[in-house]
Amino acid sequence: MSALDSRIYRLQAHLGEFHQQINDQIGSNFHQEADQKSSIEYLTKLEKILDSLSIKSKTQPVRPIDKLVDLLSNFRHDLTVLEDQGSNLDPYVYELLWLVAAKASTQTLAIIWTTLSENLLSVNDEIRYWDGILEFDWYIGLYILQTSPLRLWRGLLKAGLFAISPQTHEDNSNTGENTFIPVSTLWVQFYTSVQRCIYPSGLSSFRPGIFSPLVRSKLEIQRKRRYLKSRRDFNASSIGLLMEECMCLGPKTSLADGKDPVLANCTLHRIVSKSVCLMTSILQYGSNDEVLELTKAFTADNDLGSYVNKNKGKAALKDVQDVVEQLLYILNDLLPKYQRFSTKAISEIGRPPITVRYWLPLSLAFLSAGTSFTLLKSLGPALVDWVVNAGSTAFEFWTNWVVEPTWRLIRTIRHDETSEIALMSKNSLEADRASLERMVVDFVLDRGGKREPLLSANTIADKVREGDLTPVLMAYEKDLRSPFIGTVRGDLVRALLIQIQKTKVDVEIAMSGIDALLKSQELVFGFVGLTPGILVSYAFIRWFWGLLGSRKGFQVGRRQNDLRYALRNIHRILTLSVPTANGLLTYRNHGLLISNADTLLRKAEIVLKGEDFYTFQEDISDLINENRADLQLKIIERMTWTYSKWT
């Protein structure tokens, strides 16, 4: 998504209107001239070419450069064949030929805009890098340290390391023999060369502070900044000039200025030819505002008379061929040459390569690689064990405290018998109670005789069920008066054992109550058993996602800051610009505005979504298409309060 896509789309829409006008004229006149078969065939071919150059997607209005070159090459070949045939074509064919040239020029203009804008952004990055270096002397010192090997190497080459005296070299060349140079001589020459690099001769004794490495590096950085700023100004001025002077199609642009079909679309001819000459001039010449002004004057005064040719036939066809040749020259030669020149300039004047900037940490890493590998090898098994134990602990925790309690809870909800909570077996209480009844009945009957045994047994059993052991307790109290006789007789021991059985039954009754209570709250206990594992797992997941989320939130905040800074840069350009007498921005400021608007749109594409991004695109389109500083400031103010939520 580019900020200039809307401008390209508008130009293509204007050319589409011209195309519709030509088709209407052809539909109304061609039925009277049905014998012109060659013109009809070529009109069909031109319609296919125009369809290939039309916009297929509003978000991608620019064709790839290789496909555009192939299409123009085929079109040039068709023009050459048509010229060789020398046949008289219908006047509307020439109108479509110029329409093809206009659409191809629009596509070429979009490619040049994109190239200049990307180059301007790269230059801006390099300027910001040098500004950061110049901010503190400590940064300059770091830059000196980073580039010290390169400086030493260049100094040694400049000083002539291991240089041999001219007389010796001449003698060796004459005799054709290699003279042996002692090692001591080579070391003396090396020391002398290094000394000359570190302590340059000449004015070293005069004001040495001026030629200190810090000052020299600062002057070098400032020189690079000035050159980069000149490149930025050239790119910005070129963008602004192309924006205002190239393919200026509007409501007043027409196709019918007269009855002569060749002169009918002379306005479009002028616009296309002027735009092609201007694109060629910008890529060929100059890198300052004066040259750009001369280029504009040259293009405007060169009234392109050959393109407005009153002669029909080959002369008009030759004009279209010249435009196509010029477009191919731009795409095949000028644009790649400009890109190579810009890339070379940025690589030489921009920040040092990454190997130069980080040679010291890379060297330390290389030198300490052996020690690091040895330490890693010795600690490797311990680290592996630690990782394995940590993974095993996490797996066991998840299995025992999350998975198993979850399955138990599911079985409880389904009333699975294997999941019921029980403190005692189901028939234990009944068996112990029946045993107690039999023990008491036997004890009472043995002590009190067998009168009415059935009635006495039933009565005693009922009382035992109610917890009444009065006969046993009375016998126990009686035997305590003479414990020796009771013990010998056995009644005291039997009474004591019956009371122990009674205590056991009472305990089981209490346990059965507790067991019933647990069974009634079995679902609650299932959730209680599952809660610790869930809480620990939830806490760990929140911590992990919080760790990632904080980074994501930091990235979102940084993107919003980038959006705010991009909007601030546009406002700064508008407030610091000095408009012309007509209230328009200069080419340089207009180009800077367009480039920063493109950056702003790319930042907004990440932050804004849906309807917000659509309205933002409309505001960017208004900002680019309008060239009055006061109106553009109002647009920026509107964008500021509209999108204050994201800035």
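Reader: Why does Arg-638 count as partly exposed?

Author: In this predicted model, Arg-638 has a relative accessibility of 30%. Buried means under 20% and exposed means over 50%, with partly exposed in between, so Arg-638 counts as partly exposed.

Reader: What makes the contact between Arg-638 and Asp-619 a salt bridge?

Author: The N to O distance between the two side chains is 2.9 Å. The cut-off is a Lys or Arg side-chain nitrogen within 4 Å of a carboxyl oxygen of Asp or Glu, so the pair is called a salt bridge. Arg-638 is in helix H25 (residues 629-642) and Asp-619 in helix H24 (residues 611-625), 19 residues apart.

Reader: Is Asp-619 called buried or exposed, and why?

Author: Asp-619 has a relative accessibility of 9%. Buried means under 20%, so Asp-619 counts as buried.

Reader: How many salt bridges are found in the whole structure?

Author: The search finds 17. One of the pairs is Glu-325 with Arg-76, whose closest N and O atoms are 3.3 Å apart. Glu-325 belongs to helix H13 (residues 314-349) and Arg-76 to helix H3 (residues 65-85), so this pair ties together parts 249 residues apart in sequence.

Reader: What makes Glu-325 and Arg-76 partly exposed?

Author: Glu-325 has a relative accessible area of 37%, and Arg-76 has a relative accessibility of 30%. Partly exposed is what falls in between under 20% and over 50%, so Glu-325 counts as partly exposed, and so does Arg-76.

Reader: How do you know that Asp-233 and Arg-588 form a salt bridge?

Author: The closest N and O atoms of Asp-233 and Arg-588 are 2.8 Å apart, and the cut-off is within 4 Å. The pair links distant parts of the chain, with Asp-233 in helix H9 and Arg-588 in helix H23 (residues 587-607), 355 residues apart. Asp-233 is partly exposed at 22% relative accessibility, and Arg-588 is partly exposed at 26%.

Reader: Which residues are linked in a network of salt bridges?

Author: The network links Arg-151, Glu-220 and Lys-224.

Reader: What makes the span of helix H9 close to the expected one?

Author: Helix H9 (residues 213-245) has 33 residues, and the distance from its first C-alpha to its last is 47 Å. The expected span is 1.5 Å times one less than the number of residues, which gives 48 Å for H9. The 47 Å reached is close to that value. Met-247 follows H9 and has a positive phi, near 50 degrees.

Reader: Why can Leu-145 be in a surface patch?

Author: Leu-145 has 40% relative accessibility and counts as partly exposed. A patch residue needs over 30% relative accessible area, so Leu-145 passes that cut-off. Leu-145 lies in helix H5. The nonpolar patch, of about 680 Å², is made by Phe-136, Trp-138, Tyr-139, Leu-142, Leu-145, Leu-360 and Leu-364. Helix H5 (137-146) and helix H15 (359-367) each supply at least two of its residues, and the largest share, four residues, comes from H5.

Reader: What makes the patch with Arg-559 positive?

Author: The patch is formed by Arg-558, Arg-559, Lys-603 and Lys-609, and Lys and Arg count as positive. Arg-559 is in helix H22 (residues 522-576) and has a relative accessible area of 35%, against a patch cut-off of over 30%.

Reader: Where does Pro-532 lie?

Author: Pro-532 is in helix H22 and is partly exposed, with a relative accessible area of 38%. Its C-alpha is 7.5 Å from that of Trp-401, although the two residues are 131 residues apart along the chain.

Note on methods:
Residues are numbered from 1 along each chain as its sequence is written. This is a predicted model: local features need pLDDT of at least 70, side-chain atom pairs count only at pLDDT 80 or more; totals for chains, interfaces and linings use all residues. Side-chain values use heavy atoms; hydrogens and water are left out. Patches are made of residues with over 30% relative accessible area and no salt bridge: like charges are joined within 9 Å, nonpolar side chains (Val, Leu, Ile, Met, Phe, Trp, Tyr) within 5 Å. Accessible areas come from the Shrake-Rupley method with a 1.4 Å probe; for residues, only the protein chains shown count as cover. The place of a charge is taken as NZ of Lys, CZ of Arg, CG of Asp or CD of Glu. Buried means under 20% relative accessible area, exposed over 50%, partly exposed in between (1.4 Å probe, protein chains only).
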